[in-house]
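Please take a moment to look over the sequence and the model shown here before reading on. The paragraphs below are meant to be read with the structure open beside them.

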Amino acid sequence: MLLVSGALAYLIRDVYQLGSEAQAQKSLEQVSQACDALQAEYTNSIKPEGEVVDAQLMHALLNLILDKLPGIEGGFWHETQGFVAYAFPTHAGSEEKKDMPSTERNRIETLAHKSIVEGAALRDLIAGSRETVVLTGCPVDYSKTHLVAWTMMRSPMADSKAYDNVNRGLGLLFAFVIISGIWLSLGFFGWSKRFNLIERELAGGPDNAPRKMAATGDVELDRVVAAFNQFRAQLDAERARTIELGTLLERSERFTALGRMAAAVAHEVRNPIAAMQLKAENALARPEDQRTALEFILREIGRLDETVKELLKKTEPVSIHSRQVHIADWLMERVDAFTERSAAAEIDLRTRIDIASWSFDPRSLGRALDNLIANALQHTPRGGVVTVTASKNAFNAAMVLQVCDTGPGVAADMEPRLFEPFVSGRPDGIGLGLALAREIAVAHGGEARYFRQSSGTCFELEIPWHVS
């Protein structure tokens, strides 16, 4: 509003100035014509053998020429004698004006002297707040007379009443801006207070916000409040529905997991039990074979015990205790544990570390990385390569642990269920390694991913800096 009002004030002033300038230009033309007429008439009227300065002739010409030009006064100035003649026949006063204009006296002398020096007619404008004084000097070219005819006219900038009206209009415009600004400021202040009230109520997030926000009294803001209250009601209903569905899903997944675990345990236990039963029956039939049978039974019992321990180990709850870890030392410690196994399988186990340190739980994440490395070694043929990489994802500022192999890859039908418990691509596998790795990554606030490459498989653990 200030900018627009300022522009309007400038335009009003500009239009006002244009009118005054046009009037001043018209006055300048009239004064120039009068000066030229005085100079020409005096040059033609003076006699070569007569006096150069003829005051009587000058007064006669001044009254004759200026009487037809309202508002114009003039006279003659000599370089040695000074002002020798002056007249203002159209003066509005009751008496004839004979005295020189004292205010412009010095300007007239300066202009006259300069016109003699340059030998040409000169003009001068004296701008004021209410009027512009237009002044001309025309040298009388008669045998180097050093005489100048001058004329002057006062061109008012505008009628006094019009000038006052312009100022009054600008004052009203300024007052309008001030009053409007105060009114808008008060309106925005009240609106801001209501908006801040809404902001404070929502500052704690949707979970801490009131179940129903009170109306503010502002029509537009109350539309927002009403929309929020409606959204909150729908959110509460959907949240209750989500909790109910989550409970049902959790129950279903628990029964599914128990079923798969029961099947896996049954598969792991059934064959050794059958073999031990057969050995025991043979030992009863042939007593001489009892020692061999007992030794076999003890070995199978040991294998069953290891299987149960592995199941219990991989189903332990994940607890995270993050700290700053030097990546190179930690990663090489994990990889060194598989050096003998990779050498025996003739697999090249490589590492690449592009990050110095990170914050995570080294024990739990070590379990996840061990599962990925072991899984890669089991699926990589002799002469293959397994690469373990630690780097930083510049896009989301997270650490990425990647284990890639040159094995045959994962079957297409297994990819959607790859991270589910008890899903394994090996007949002797339990299928808890990848599920455990994903659970640990999620506990760190990250995620586990699988992606196929041109030759082999890659598994990736993405761990953010702060555990969420």
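What follows goes from the chain as a whole to one sheet, then to the helices around that sheet, and lastly to a group of aromatic rings.

The model is a predicted one, and its protein chain holds 10 helices and 12 strands. Of the 468 residues in the protein chain, 37% are buried. Among the contacts in the chain with a separation of 6 or more, 64% are made by residues 24 or more positions apart.

A convenient place to begin is an open sheet of five strands, whose order is 7-9-10-12-11 and whose pairing is mixed. Strand 7 (348–353) and strand 11 (447–453) stand at the edges, and because each has a single partner strand, one side of each is left without a neighbour in the sheet. From one strand to the next, the twist averages 15 degrees.

Going through the sheet from strand 7, the reader meets strand 9 (residues 385–393), which pairs with strand 7 in the parallel sense over six bridges. A position to look for here is Arg 352, whose bridge partner in strand 9 is Thr 389. The pairing of strand 9 with strand 10, in contrast, is antiparallel and runs over eight bridges, and within it Ser 391 has Val 400 of strand 10 as its bridge partner. Strand 9 and strand 10 form a hairpin with four residues between the strands, in which Ala 397 takes a positive phi near 55 degrees. On the next step across the sheet, strand 10 is joined to strand 12 by eight bridges, and these two strands again run antiparallel; here Leu 401 stands opposite Leu 461 in strand 12.

How many of the eight residues of strand 10 are buried? The count is eight of eight, so the strand is mostly covered in the sense used here. In a regular strand the side chains alternate between the two faces of the sheet. In strand 10, Ala 398, Val 400, Gln 402 and Cys 404 point one way, while Met 399, Leu 401, Val 403 and Asp 405 point the other way, and all of them are buried.

Helices lie against this sheet as well. Helix 7 (residues 327–336) lies across strand 7, strand 9 and strand 10 (398–405), and runs at about 170 degrees to strand 7. Helix 10 (residues 433–443) also packs on the sheet, where it touches strand 11 and strand 12 (456–464), and its direction makes about 25 degrees with that of strand 12.

Two further helices deserve a closer look, beginning with helix 8 (residues 339–344), in which Ser 342 is found. Ser 342 has a relative accessibility of 4% and therefore counts as buried, the cut-off being under 20%. A polar atom of the Ser 342 side chain lies 2.8 Å from the backbone oxygen of Thr 339. Leaving aside residues up to four places away in sequence, Ser 342 touches Ile 347, Leu 349 and Leu 377.

Helix 9 (residues 362–378) has 17 residues and reaches 24 Å from its first C-alpha to its last, which is close to the 24 Å expected at 1.5 Å a residue. At the start of helix 9, a side-chain oxygen of Asp 361 comes to within 3.2 Å of the backbone nitrogen of Arg 363. Helix 9 is mostly covered, with 14 of its 17 residues buried.

The last stop is the aromatic side chains, for which a search of the whole structure finds five pairs. A pair of aromatic rings is described by the distance of the centres and the angle of the planes. Phe 83 and Trp 150 form an edge-to-face pair, at 6.1 Å centre to centre and with 85 degrees between the planes. This pair links distant parts of the chain, since Phe 83 belongs to strand 2 (residues 82–87) and Trp 150 to strand 5 (residues 147–156), 67 residues apart. Tyr 86 and Trp 150, on the other hand, form a stacked pair, 6.0 Å centre to centre with 20 degrees between the planes; Tyr 86 lies in strand 2 and Trp 150 in strand 5, 64 residues apart. Ring pairs thus link Phe 83, Tyr 86 and Trp 150 into a cluster.

Are the residues of this cluster buried or exposed? Phe 83 and Trp 150 are both buried, Trp 150 because its relative accessibility is 1%, and Tyr 86 is buried too, with a relative accessible area of 8%.

Key
Residues numbered from 1 in each chain as written. Predicted model: local features only at pLDDT ≥ 70, side-chain atom pairs only at ≥ 80, totals over all residues. Heavy atoms only, no water. Expected span 1.5 Å × (residues − 1). Buried < 20%, exposed > 50% of the residue type's maximum accessible area, 1.4 Å probe, protein only. Polar contact = N/O pair within 3.5 Å; in protein donor to acceptor, adjacent residues only side chain to side chain. Pairing = 2+ DSSP bridges. Axes fitted to C-alpha atoms, helices over the stretch in contact; angles between N-to-C directions. Contact = heavy atoms within 4.5 Å. Phe/Tyr/Trp six-rings, centres within 6.5 Å; stacked < 30°, edge-to-face > 60°.
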